[in-house]
Amino acid sequence: MDILTPKGQKTREQEKEALTLFLETFPRYRFVETPKDKPSDLDGFVTRDGVIISGVEVKCRNMTAADLRNKFDNRWLITADKLDRCVNICRSLCVGFRGFLYLVPDKMLIVVPIFSHEKGWLTEPIYDWTETQATVNGGIAERLNAYVDVGHATSIVAA
């Protein structure tokens, strides 16, 4: 699995930074992880008072907020299949789905509400077949990707 490689371990450390930032900002919430040594569809769940509030996918990107804005039009790329699986799990649990996008150079966490059990899609992704890096360890993959608007998401910056 990619998380077990040196590059995967570096990403894992960045993910921990992102989750710490979230939990320090919102101390009433907890984060329960899925197993990192298994190919879970979701990275974990946000809980409050022992109840699941939302499923979460965490991604760490080596880009700045300016890069995200100027080069990518404030859109976060997620593999369409991954997005669909995450939303379907959350739908079945009657909870929301959020993306956590951590911009490593800025130490900024962008919390993106993507799906609400009550309201459905909160931001409508744009789908396109594109060639992207296959995994954290490299490679190329051509696949259907979803581009999620993060322009109205909550941004948290490390102090």
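Glu33 counts as partly exposed, at 36% relative accessibility, and this residue is a good place to start reading the structure above, which is a predicted model. The side chain of Glu33 meets that of Arg12 in a salt bridge, with 2.8 Å from N to O, and a search of the whole structure finds 12 salt bridges. The points below follow three of these pairs, then a network that some of the residues share, and finally a pocket.

**A salt bridge between a helix and a strand**

- Side chains of opposite charge can pair when their charged atoms come close.
- In the pair of Glu33 and Arg12, the N to O distance is 2.8 Å, and because Glu33 lies in strand 1 (residues 29-33) while Arg12 lies in helix 1 (residues 6-25), the pair ties together parts that are 21 residues apart in sequence.
- Arg12 has a relative accessible area of 12% and is therefore buried, whereas its partner Glu33, at 36%, is partly exposed.

**A salt bridge between two buried residues**

- Lys36 forms a salt bridge with Asp43, and the closest N and O atoms of this pair are 3.7 Å apart.
- Lys36 has a relative accessible area of 19%, which makes it buried, because the word is used for values under 20%.
- Asp43 is buried as well, with a relative accessible area of 13%.

**A salt bridge within one helix**

- Lys71 and Asp67 form a salt bridge in which the closest N and O atoms are 3.7 Å apart.
- Both of these residues, Lys71 and Asp67, belong to helix 2 (residues 65-72), where they are four residues apart, or about one turn of the helix.
- Lys71 is exposed, with a relative accessible area of 61%, while Asp67, at 23% relative accessibility, counts as partly exposed.

**A network of shared partners**

- Salt bridges that share partners join five residues, namely Arg12, Glu15, Glu33, Lys36 and Asp43, into one network.

**The second largest pocket**

- The second largest pocket holds about 170 Å³ of space.
- Its lining includes the aromatic-ring residues Phe22, Phe26, Tyr29 and Phe100, together with Val46, Arg98, Val111, Pro113, His152, Ala153 and Thr154.
- Strand 5 (96-103) and strand 6 (108-116) each supply at least two residues of this lining.
- Sorted by class, the lining of the second largest pocket has eight nonpolar residues, two polar residues and one charged residue.

Notes: Residues numbered from 1 in each chain as written. Predicted model: local features only at pLDDT ≥ 70, side-chain atom pairs only at ≥ 80, totals over all residues. Heavy atoms only, no water. Salt bridge = Lys/Arg side-chain N within 4 Å of Asp/Glu carboxyl O. Buried < 20%, exposed > 50% of the residue type's maximum accessible area, 1.4 Å probe, protein only. 1 Å grid on protein atoms, 1.4 Å probe; cavity = no way out; pocket = protein on both sides within 12 Å on 5 of 7 lines; lining within 4 Å. Points joined across faces, edges and corners; volume = space filled by probe spheres on them. Nonpolar A, V, L, I, M, F, W, Y, C, P; charged D, E, K, R; others polar.
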